[in-house]
Amino acid sequence: MLHQTTYRSFFFGIFMLLSFNSFSQITTVDMELRINPLLSYGFRDPLYANEKPGYFTLNRTRLIANYEQKSKLKAQLIFQDRRAWGELNNGDQGELSLFRGWAELYFNEYWSLKAGRQGLVYDDQQLFGERNWAGILAHDAAKLKYEKGGYKFHLVVSESANRVNEFKREPLQQNFYKSLQMLWAHKKWDKGKSSVLFINKGDEKQDTTVSYQQTFGTNTSIFLSDHLTAKGIYYRQMGRNTLDEKVRAYFWSLQLLWKINDKWRADVGVETISGSDVSDGAVDGIDQVFDRHFALLHAHLGYLDLLYVLQRPVFGIEDYYLKLQYQLNKQWAIRNHVHGFFTQKTAYATTDTNFDAPLNTLVGVENDFQLRYRKKDWASLDLGYSVMFGTETMDELFGGRPIDKMHYFYLVLTVKPRLFVFDQNKKG
């Protein structure tokens, strides 16, 4: 049973958005329901000999209220519940939470201020992504925006604390940044688009001192033709981590996006996430492992989520991939992604203290297959199977014990009905 205060905040928030209707242009209320049965033989965490696969059904529910008064104000409230079937049937603690709650005030046609609990989603989402349903990731932040024509500039500022009434300075308890400042500039033209990003992220230590890490770089796409796009991404990281080590890390990606025809699409590319060579004494005291911050999970590095979720490869990763999509018709589509994962720096077993037996540079090969049925914009059904063929290097990444299986089956039913629309400009 949910607490009464949670109920009250839930319905009060929805009521407040709807009550704006007499002054607004449009208020909408939507629902999202996602049912996700999953049979895991090593999703995120490999399966070992004599271990049994896991079967469970994830159940996610959202109520989404959007308000817009054109060129004046936008606001959004999203309340959600995340659970597995049977998880809380007899419990007295619910999982209802505020996923989004923000308002955006427009000063004029080009300038606006967006403040509150919001998502930060930029470019290919390699650093800031919408981790939809992977958690309750949100940024309590203020964002100043200037957008005119093909130009966009966003300045984001956030500062975290343990609670609202933190009158005395205490170490931050949440596993989150203490301070964040970000500047994003974007330009679009006829033959391409380009973004420049600068991030200053502060992580707090137990003595309340803050270590700051800077990430900066660019994401550029060139439209070679109506069917072919080339893309290049480069990010550099500097500063210090919470162990007071210098950070010297990088990420780069090259991609070709090819729309072959109305049916076929092919994306081919390589991504490199820097790591450290533990045998190189010259880099002692320098952290060369690139921090992906809040990057998307499934969209990069395979659907099995074996890399940079539970385990962050200290040796770094190079991902060579081919992604194919075939659109059978307006409703049915088939996708197949193949990833070849290699070490970016030389990897060794933890027992190899002399560093004289390097591990295989191939970490593993993953194949992700998905069949999608889409019913317009309000319903979809995904059926998928992903498998990883790992080497001894993958074994070492998860502790050194030989891995037995790494694959899983899943089904995702998503339904997004629109419950209410209030449009002041339309009668009836």
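1. A salt bridge here is a side-chain nitrogen of Lys or Arg within 4 Å of a carboxyl oxygen of Asp or Glu. R240 and D244 make one, with their closest N and O atoms 3.9 Å apart, so the pair falls inside that 4 Å cut-off. As for surroundings, R240 is partly exposed at a relative accessible area of 34%, and D244 is partly exposed too, at 46%. Keep in mind while reading that this is a predicted model.

2. Now the overall picture. The protein has 428 residues, and buried ones make up 43% of them. Its secondary structure comes to 2 helices and 21 strands, so expect to spend your time looking at strands when you follow the elements listed from the N terminus. If you take the contacts between residues at least 6 apart in sequence, 59% of them join residues at least 24 apart.

3. Back to charges. How many salt bridges does a search of the whole structure find? The count is 17. The general idea is simple: side chains of opposite charge can pair when their charged atoms come close. Not every case is a simple couple, either: E32, R34 and R62 are linked in a network of salt bridges.

4. One pair to look up is R401 with E51, a salt bridge whose closest N and O atoms are 3.8 Å apart. It links distant parts of the chain, with the two positions 350 residues apart. R401 sits in the loop between α2 (392–397) and β20 (407–415), while E51 belongs to the loop between β1 and β2 (54–69). R401 counts as partly exposed because its relative accessibility is 47%, and E51 gets that label at 39%.

5. Another pair is D124 with K231, where the closest N and O atoms of the salt bridge are 3.2 Å apart. This one also ties together distant parts of the chain, 107 residues apart: D124 lies in the loop between β5 (111–118) and β6 (139–148), and K231 is in strand β11 (residues 228–239). Is K231 buried or exposed? At 12% relative accessibility, K231 counts as buried, because the cut-off for that label is under 20%.

6. S40 is worth a click as well. You'll find S40 in strand β1 (residues 26–40), and its 12% relative accessibility means that S40 counts as buried. The side chain of S40 reaches two backbone nitrogens: that of G42 at 3.3 Å, and that of F43, which lies 3.0 Å from a polar atom of the S40 side chain. Setting aside residues up to four places away in sequence, S40 touches P53, G54, H407 and Y408.

7. Next, strand β9 (residues 192–204). Why call β9 largely enclosed by the rest of the structure? Because 10 of its 13 residues are buried. β9 has a partner in strand β8 (residues 179–189), and the two pair in the antiparallel sense over 11 bridges. A hairpin of 2 residues joins β8 to β9. Along this pairing, W184 stands opposite L197 in β9.

8. β9 also pairs with strand β10 (residues 210–223), again in the antiparallel sense, over 13 bridges. Within that pairing, the bridge partner of V196 is T218 in β10. The hairpin of β9 and β10 has 5 residues between the strands, and T208 in it takes a positive phi near 70°. As background for viewing these strands, in a regular strand the side chains alternate between the two faces of the sheet.

9. β9 turns up once more at a pocket. The second largest pocket has a volume of about 1100 Å³. It is lined by 42 residues, and the closest to its centre are N175, K201, D203, D291 and R312. Elements giving two or more residues to this lining are β9, β10 and β15 (286–287). Which of them gives the most? That is β9, with 3 residues.

10. Last, V278. This residue is in the loop between β14 (264–273) and β15, and V278 is partly exposed, with a relative accessible area of 44%. V278 and A347 are 69 residues apart in sequence, but their C-alpha atoms are 7.7 Å apart in space. Leaving aside neighbours within four places in sequence, V278 is in contact with Y348 and F355.

Definitions and conventions
Residues numbered from 1 in each chain as written. Predicted model: local features only at pLDDT ≥ 70, side-chain atom pairs only at ≥ 80, totals over all residues. Heavy atoms only, no water. Helix = DSSP H or I, 4+ residues; strand = E, 2+ residues; numbered from the N terminus. Buried < 20%, exposed > 50% of the residue type's maximum accessible area, 1.4 Å probe, protein only. Polar contact = N/O pair within 3.5 Å; in protein donor to acceptor, adjacent residues only side chain to side chain. Contact = heavy atoms within 4.5 Å. Pairing = 2+ DSSP bridges. 1 Å grid on protein atoms, 1.4 Å probe; cavity = no way out; pocket = protein on both sides within 12 Å on 5 of 7 lines; lining within 4 Å. Points joined across faces, edges and corners; volume = space filled by probe spheres on them.
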